[in-house]
Amino acid sequence: MKLTEVTMRHMKMQMKHPFTTSFGTFQTKEFILLEAKEESGKVGYGESVAFDSPWYNEETFKTNWHMLEDFLIPMLLGRELSHPDEVSELFSTIRKNNMAKSTIEGAVWDIYAQLTNQSLAKALGGEKTEIDVGISIGIQKSVDDLIEVVRTHVEEGYKRIKVKIKPGWDVDIMRTLRETFPDTAIMADANSAYRLEDTALLKQLDAFNLMMIEQPLASDDIIDHAKLQAQLTTPICLDESIHSLEDARKAIELGSTKIINIKIGRVGGLTEAKKIHDFCMEKGIPVWCGGMLEAGIGRVHNVALTTLPNFILPGDTAGSSRYWEQDIITPEVTVDNGVIHVPQQAGIGFELNHEAVEEFTVSKKTYSL
Ligand SMILES: O=C(O)CCC(=O)c1ccccc1C(=O)O
Ligand SMILES: [Mg+2]
């Protein structure tokens, strides 16, 4: 396998509804869509999940563009690869910038699946043919709005409802949700909005039988999370704090997390995501696939990864229409009563919608040998 040409597109898409977290609101999604050509003529795609502002982590689509253009694409163009696992090994000489690395690594996995004539899910070792899906709901203007949005998605069949919390939008709304939806699987995601001093407040959430609380404390912490977990009955799930298998090992060893949210971009690609999955399975730690408000390519990579056996809990892999009027793939990803049926064709099993891609392209650049 040898890449001969790579094209990066700066994409810009409007979300159907604004999405608000404890750190800010998303309305427009700017990202990189990467197309890699292999010497046989096969084409693979990757999507950068970095946002336009460094709120979730330090990367942005522009830092990703720089890393890809000046370092990562030159490292891969013309280089003979026998397996996609070699990509992360090559990139290990470059620190962090995981979302940039993951963008092109995903395209190499796509090409590898096509060349070996198997679905991306199969190539990763996944066997599920359908996956359970949850949905992540942003902070709303009022409690009534929140209840209506949650009701709509419960009725659509989503298998678990995650709601964003922040100081002032936490214990009361979770209590109301639990009272209104007594039998629904509910969890909260704080995106690092609290500190250890908030333990007494966070302990109040134990009364609501939540599946888990995601990333309550600092994005770079695993020590205080262990102290907090020792005082909570609700399991903590780490998101922002986990960038690698090593991070996962340390957090599990310390007792900082009982569940892990795996995001392909945050951990530097599918190879590392799979390693974390395998390690967690060995340790009896369930995982689920997080989301970054992806367009179609990122979304179908998430779906493929979720077919691995230890993705026991429903992920944030809602259908295309939850985010976009028009996605960039065809068919779009659809959720059928809380389930996505995983395509079995070679590669990602979806085509790019070239018309939509052109419509949302701000600029593009091609790099060749
Ligand atoms: O629906 C999705 O793609 C996941 C939405 C979500 O929760 C999220 C969205 C943007 C940034 C961070 C997060 C998160 O999981 O913390
Ligand atoms: Mg999260």
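**Charges over rings**

I began with R160 in this predicted model. Its charged end sits over the ring of W288, and I noted 4.9 Å from the ring centre. Next I looked up R322, whose charged end sits over the ring of Y323. Here the distance to the ring centre is 5.5 Å.

**Aromatic pairs**

Y323 brought me to the ring pairs, and I found that the structure holds 6 of them. I took F23 and F26 to begin with: their centres are 6.0 Å apart and their planes stand at 85°, an edge-to-face pair. Is F23 buried or exposed, or partly exposed? I have F23 down as partly exposed, because its relative accessible area is 21% and buried would need under 20%. F26 is buried, since its relative accessible area of 6% falls under that 20% limit.

Back to Y323, then: what kind of pair do Y323 and W324 form? Their ring centres lie 6.4 Å apart with the planes at 35°, so I wrote this pair down as tilted. An angle of 35° is neither under 30 degrees, as stacked would need, nor over 60, as edge-to-face would need. Both partners are buried by my notes: Y323 has a relative accessible area of 7%, and W324 has 1%. So Y323 turns up twice in this notebook, once under the charged end of R322 and once paired with W324.

I also followed the ring pairs outward from F23 and F26, and they link these two with F51 and W55 into a cluster.

**The sheet**

My next stop was an open sheet of 4 strands, which I read in the order β3-β2-β1-β15 with antiparallel pairing. Which strands sit at the edges? They are β3 (43–47) and β15 (361–368), and each of them pairs on one side only. Neighbouring strands in this sheet are turned against each other by 20° on average, with direction ignored.

I then looked at β1 and β2 in detail. β1 covers residues 3–21 and β2 residues 24–38, and the two pair in the antiparallel sense over 14 bridges. I picked out one residue to follow across: M13 has K29 in β2 as its bridge partner.

**Helices across the sheet**

Which strands does helix α1 lie across? I found α1 (residues 61–76) across β1, β2 and β15, running at about 160° to β1. Helix α11 (residues 296–305) lies across β2 and β3, and I noted about 95° for its angle to β3. β2 appears in both of these entries, with α1 and with α11.

How values were computed
Residues numbered from 1 in each chain as written. Chains lettered and ligands numbered in written order. Predicted model: local features only at pLDDT ≥ 70, side-chain atom pairs only at ≥ 80, totals over all residues. Heavy atoms only, no water. Pairing = 2+ DSSP bridges. Axes fitted to C-alpha atoms, helices over the stretch in contact; angles between N-to-C directions. Contact = heavy atoms within 4.5 Å. Phe/Tyr/Trp six-rings, centres within 6.5 Å; stacked < 30°, edge-to-face > 60°. Buried < 20%, exposed > 50% of the residue type's maximum accessible area, 1.4 Å probe, protein only. Lys NZ or Arg CZ within 6 Å of the ring centre and 35° of its normal.
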